[in-house]
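Q: I am new to this structure and would like to be walked through it. Could we take it step by step?

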Amino acid sequence: MFGDKIIIGNVKGKIDEKGRIKLPSFTNAEENDELIIEKITEEDEITLKIHIYKKYFEIIKRFQNLRDNATSTDEFIKYDSEIEKICTFLKHQANVDKQRRIQLPKFLFENSNWKNGEEVEFIGLGSSLLIKKQKK
C-alpha cells in the first residue's frame, strides 16, 4: 500500500497520452489505493504532492467528532474551520489502477503548462510523493 514504508527515492517518469502517471515502485502503491493530490507552487511552478487518502480521512473524522461534541458555538466553528482548511488544499482524489498509474486531474492541464507526454520527476518525501515537471 502507498506509504506503508517510508517513501524514499528520486526518479524520472512521463505523463502518458491520457494524462496518467505511473507511480514509482518505491512508493509501494498497489491497485485500488486511494490517494489525495495536493496542488502546491514551488519556484513559481505548479507541483503536485501525493498523500494517502486514509491519513487525511482519519484527521477529518477526528475533527468531525470534536465538532459534533462541541459545547459552544465558538468551539463548533473552530473545528468546522479546521475541516475546511484541510479540504481546501486537497484538490483531487485518485485511485491507483492495475499498472500502478493514477489519472492526473483536469485542472492541472487546464490551469497550467503541464501537457501529456511531458517528463516529470518523482521525489520521495517520507510519507508523501512530490511530482515536479522536468525543467528543460
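The exchange below goes through the overall build, the sheet, the helices and the aromatic rings.

Q: What kind of model is this, to begin with?
A: It is a predicted model.

Q: How many helices and strands does the protein have?
A: The protein has three helices and eight strands. Read from the N terminus, the elements follow the order β-β-β-β-α-α-β-β-α-β-β.

Q: And what box do the C-alpha atoms fill?
A: Taken along the principal axes, the box is roughly 55 × 30 × 25 Å.

Q: Let us turn to the sheet. In what order do the six strands lie?
A: The six strands form an open sheet in the order 1-7-8-4-3-5, with antiparallel pairing. Strand 1 (10-14) and strand 5 (90-95) are the edge strands, each pairing on one side only. On average, neighbouring strands of this sheet are turned by 30° against each other, direction ignored.

Q: Over how many bridges do strand 3 and strand 4 pair?
A: Strand 3 and strand 4 pair over eight bridges, in the antiparallel sense. One residue to look at is I36, whose bridge partner in strand 4 is H51.

Q: What about the hairpin of these two strands, and which residue there takes a positive phi?
A: That residue is E43, with a positive phi near 55°. The hairpin of strand 3 and strand 4 has two residues between the strands.

Q: How does strand 3 pair with strand 5?
A: The two pair in the antiparallel sense over five bridges. Here I37 stands opposite H92 in strand 5.

Q: And strand 7 with strand 8: over how many bridges?
A: Strand 7 (residues 119-124) and strand 8 (residues 129-133) pair over five bridges, again in the antiparallel sense. E121 stands opposite K132 in strand 8.

Q: Which strands does helix 1 touch when it packs on the sheet?
A: Helix 1 touches strand 3 (34-42), strand 4 (45-52) and strand 5. The direction of helix 1 makes about 75° with that of strand 4. Helix 2 packs on the sheet too, touching strand 3 and strand 5, and its direction makes about 65° with that of strand 5.

Q: At what angle do helix 1 and helix 2 pack?
A: Helix 1 (residues 53-68) and helix 2 (residues 73-89) pack at about 160°, and their axes are 8 Å apart. Because of that angle, helix 1 is roughly antiparallel to helix 2. Their crossing is left-handed.

Q: Which residues meet there?
A: From helix 1, the residues are Y56, I59, I60, F63, Q64, L66 and R67. In helix 2 they meet F76, Y79, D80, E82, I83, I86, C87 and F89. By class, this contact has eleven nonpolar, one polar and three charged residues.

Q: A change of topic: how many aromatic pairs are there?
A: The count comes to two aromatic pairs. In one of them, the rings of Y53 and F57 have their centres 5.8 Å apart and their planes at 20°.

Q: Why is the pair of Y53 and F57 stacked?
A: Planes under 30 degrees apart count as stacked. The planes of Y53 and F57 are at 20°, so this pair is stacked.

Q: Where do Y53 and F57 lie?
A: Both lie in helix 1, four residues apart, which is about one turn of the helix.

Notes
Residues numbered from 1 in each chain as written. Predicted model: local features only at pLDDT ≥ 70, side-chain atom pairs only at ≥ 80, totals over all residues. Heavy atoms only, no water. Axes fitted to C-alpha atoms, helices over the stretch in contact; angles between N-to-C directions. Parallel < 35°, antiparallel > 145°, perpendicular 65-115°, else oblique. Left-handed = near helix turned anticlockwise from the far one by under 90°. Contact = heavy atoms within 4.5 Å. Nonpolar A, V, L, I, M, F, W, Y, C, P; charged D, E, K, R; others polar. Pairing = 2+ DSSP bridges. Phe/Tyr/Trp six-rings, centres within 6.5 Å; stacked < 30°, edge-to-face > 60°.
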